[in-house]
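Let us walk through this structure step by step, beginning with one hairpin and then widening the view to a sheet and to the chain as a whole.

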Amino acid sequence: MRERRSWLAVVLALLLVGLTSAQAQVADYSLAASRVAEKLLQAFPKVRGLIVSVEQQGKLVLDLTAQDGIYPGMEMEVFREGEAFKHPVSGEVMGRMEKTVGLIRVVEVRDRFSVGQLLEQEGSVKAGDGVRVTGARILLGLAKVEAPPGADTAARAFTRELELALQKTGRFEVFDDRMTRSTVVKGGLKEGTRITDPAALEVLRRDLRLSAVCLAKLGAGGAGGQVVDVELVSTRTGSPLTVVSTDVPVGVAQAPTEPLPAKPATQAPKPAPTPGGPAWIGPPTSEGAPNPHFTANPLLQSPRRTSGPRTYYIQPVPAGLKRIAFADLDGDGQDEMVGITDNEVVTFQWTEDHFKLYRRYAKPQGANFLLVDAADINGNGRAEIFVTDVDERPGTVGLYHVALRSFVLELKGESLVPIWEDVPLYFRVIRYPGHPEGILVTQPLGKHKAFQDPVRRYVSNGTAYVPDPAWEFPSGLELDTFTLVDLNGDGREEFVVIGYDGQVRVWSQEGKRLAETSENFGITNHIKFRQLPREPGRSFTGRDIRPTEYAEERYIQRRLEVTDLAPGGKPGILVGANFPDGITGALASSLQITSGAAQVIHLAWDQGALTRQWGSPLARNNYLADYGLARLGGSRALVVLGLEKKFLRETEGTLEVFRLIEPEGGEARPMERPQ
């Protein structure tokens, strides 16, 4: 028996070391991909110059040098300015049309000039014509990463990291290996044709308008590490545009032989004491104090207190859940939880210590639910469920037909019943002190961008949902990025907006920026969709432009939740923070999951600034997918949805529930981190 236990201990130790090594390697691929993306970004500077002279055999002398960011192999457009156009009333010169007349490849770079070779031309090219690297997004095809035998997992991880890193630059639009290969086959070539075959490159340039394909290879590096080489190949010429390399940093995977002394945890700054104010506290010990070491699932082994109610709960939820909301669906005064997967709405009821499955509503495969909210907008005492559904299907123009087919559900009897269907709008419910019941705001599908047209409020007239003409939102707002609240106490709501840089900013109704956070809150990248414009449009030269040329891949932003938890019961903002350490899996095609340090952070207004009041790290090293405030069992609670890739298992979701309690002594405290 002792021998078997010894062998078991050895096996477990090896598994743990292997798991640690794998986790470290995922984080290393993220860093390597970011380095590659930065170098590729430098390969496409937004530069413009002039043709100084036209020489024999299609050679052109340019007034650009290496200091302008150009290099041998770079491809540039040749363009010519047309006649100026004027405003019909004022006569003011508004600009000039630019016509593309050719394409060149830089073949030589000197100290004071460079030389280009003319590759294509429409008409004559002459001195004084301009040259440029397009300022539009560069369309890239990302081929499957090559790797040594047995390293398929590493190749997939790096592929995902590289695609994400390239998209984040904002300079590239990336088409993955599956998309490029299916396009090659649809173009009449045999399956298995190399992506760099001239015929394949021609198909990709013609059908997807790709400028280049990205070829990456993982190989052995020094000191047992890895190196990645990435080559960009032009779809026009088949020649390399640029080649970049970087080492994959090696993480320390060995466990220490002796326990290391524990480092004191960094504490979030505590707010000023607020007599009688609430506080979030973590899972309790048996003595009733916050427990920094709690990891057990209370459904399997419940922690006990000597007195007082339990304040912390944790439980698994169905796979695929990606966003949650809370409202009273059945009119009993207690909130239910509503969640969405890619194509299903799932509702839950709170019992004494956990959420139990309540009602479900599904759509056929192919739906892509992006947003869910719930509120009693029609005033019948039961909240409706508002679901944003982006329907992506094969179409006759470009690659997909994208349409909004959002819908509204209401609980009637024992079933969730649609009461408004095929709505061409994005839905959001915003709650703030002026409207604690929530207001319904909408935005239509933009002509060229996902969130481009004006945001409008909708109300119920008793029989239908209609626009409210009394509300007018400023232009430029994106539905998933803002909320309303009077933070500074001037009697008027401000717009609180989270940007794609992860910072939160406060704007007045007149468009003046009042404050911004000094820190950013990481990323939210688990719900994405592709936005194709409604009309293909035409270029200045009259050439048809496919919608995929300026397709926009968008990630849904995190929720900004308005609270009354700032000192003195004043308004505050809950914002989720993800600081990823690597890709750990995906629940579905629209879900990209990263793991790392995650917190729900409370922001409060303090002397003209928006500052962190406290943070609530999660018990599990999860990706923070969504969160919300709810009325559960007679008190309020913060509910957090985390997503995690389990060892040798699928990605699973976890709910953590923190009750809002009145601490003894009346001093508000931030939530302790359960570990």
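A good place to begin in this predicted model is valine 233, whose bridge partner in strand E11 is proline 240. This pair belongs to a longer run of pairing, since strand E10, which covers residues 226-234, and strand E11, which covers residues 240-248, are joined by eight bridges and run antiparallel. Between the two strands of this hairpin lie five residues, and in the hairpin glycine 238 takes a positive phi near 75 degrees.

Further along the numbering, another set of strands can be followed. Here four strands form an open sheet, in the order E27-E28-E29-E30, and the pairing is antiparallel. Strand E27, at 482-485, and strand E30, at 513-516, are the edge strands, each of them pairing on one side only. From one strand to the next, the twist averages 25 degrees. Within this sheet, E27 pairs with strand E28, residues 494-498, in the antiparallel sense over four bridges, and leucine 484 has phenylalanine 495 of E28 as its bridge partner.

With these parts in mind, the reader can turn to the whole chain. Its secondary structure comes to four helices and 39 strands, and of its 675 residues 50% count as buried. Among the contacts in the protein chain with a separation of 6 or more, 57% are accounted for by residues 24 or more positions apart. The protein chain exposes about 32200 Å², of which carbon and sulfur atoms supply 51%.

Definitions and conventions
Residues are numbered from 1 along each chain as its sequence is written. This is a predicted model: local features need pLDDT of at least 70, side-chain atom pairs count only at pLDDT 80 or more; totals for chains, interfaces and linings use all residues. Side-chain values use heavy atoms; hydrogens and water are left out. Two strands pair if DSSP finds at least two bridges between them. Axes are lines fitted to C-alpha atoms, for helices over the stretch in contact, and angles run from 0 to 180 degrees between N-to-C directions. Buried means under 20% relative accessible area, exposed over 50%, partly exposed in between (1.4 Å probe, protein chains only). Contact means heavy atoms within 4.5 Å. Accessible areas come from the Shrake-Rupley method with a 1.4 Å probe; for residues, only the protein chains shown count as cover.
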